[in-house]
Amino acid sequence: MAMLEVKDLEVYYGMIQAIKGISFEVNEGEVIALIGANGAGKTTTLHTVTGLISPKKGSVIFEGKDITKVPAHRIVSMGMAHVPEGRRVFAELSVYENLKMGAYTRTDKEEIASSLKSVYERFPRLEERKHQMAGTLSGGEQQMLAMGRALMSRPKIILMDEPSMGLSPIMVNEIFDIIRSVSRSGTTVLLVEQNAKKALSISDRAYVLETGRIVLDGKASELLEDDSIKKAYLGE
């Protein structure tokens, strides 16, 4: 059984259909990439999976349970975390306070302290800046903070929306190394990313979205070699 199943999903903004009956699945332990151009429906898909948008049709199944109509905060407590596009850190709060916000669904104080320790081990820069206001961090540090905050909920699956957006090439490499290490430590990853080459290089499988439809899917290593993908998304 897949950890996450999306079946025949249709999403509208008013009269405009953004998602046109897509289906895909994510198995436990996988890194799955959703790639596509701007406006393809990638972010809308993530927002629907995490309960921020209600679909008109279709279903979202997480660990065998239908969560299509479950509120977003309940979905977090079930083991799904979302790192939103644009990072969305709490600018007026410190790094430490942002991380604590990630554990708001948890009550196990000792385990929360243990999670905080492991986030600091994964992101030493966050520990160095734990008393700094999040709004004063660099873009890359804010991305690390958004990822660290999501990990504080102890997710089974983490959904990441455009983690490399606006970052320097060196920082992009660092962020993708972290995503790889998060996956290796046992967290399943669903990755939305415009940098298709980078996304495919760390993913097991991928789905290609075009104007609300999945037009191609397969092993990430094979899609990297696909001529139509190279032309459309890899600039080759």
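**Strand pairing and a one-sided helix**

In strand 5, lysine 65 is the bridge partner of phenylalanine 62. This pairing belongs to a predicted model, and it offers a convenient point of entry into the strands. Strand 5 covers residues 65-66 and runs antiparallel to strand 4, with two bridges between them. Two residues separate the strands of this hairpin, and glutamate 63 adopts a positive phi near 50° there.

Strand 4 also has a second partner. Comprising residues 57-62, strand 4 pairs with strand 1, residues 4-13, in the antiparallel sense over five bridges. Within this pairing, lysine 7 has serine 59 of strand 4 as its bridge partner. As a general matter, the side chains of a regular strand alternate between the two faces of the sheet.

The path now turns to helix 4. This helix spans residues 109-122, 14 residues in total, and extends 20 Å from its first C-alpha to its last, close to the 20 Å expected at 1.5 Å a residue. Which residues of helix 4 are buried? They are Ile112, Ser115, Leu116, Val119 and Tyr120, where buried denotes a relative accessible area under 20%. Because these residues cover an arc of only 140° around the axis, they lie on the same side of helix 4. The other side of the helix carries Glu110, Lys117 and Glu121, which are exposed.

The surroundings of the buried side remain to be described. The buried residues of helix 4 pack against three elements: helix 3 (95-101), helix 5 (124-128) and helix 6 (139-151). Helix 4 thus presents buried residues to these helices, while exposed residues, including Lys117, occupy its other side.

Key:
Residues numbered from 1 in each chain as written. Predicted model: local features only at pLDDT ≥ 70, side-chain atom pairs only at ≥ 80, totals over all residues. Heavy atoms only, no water. Pairing = 2+ DSSP bridges. Helix = DSSP H or I, 4+ residues; strand = E, 2+ residues; numbered from the N terminus. Expected span 1.5 Å × (residues − 1). Buried < 20%, exposed > 50% of the residue type's maximum accessible area, 1.4 Å probe, protein only. Arc of directions from axis to C-beta. Contact = heavy atoms within 4.5 Å.
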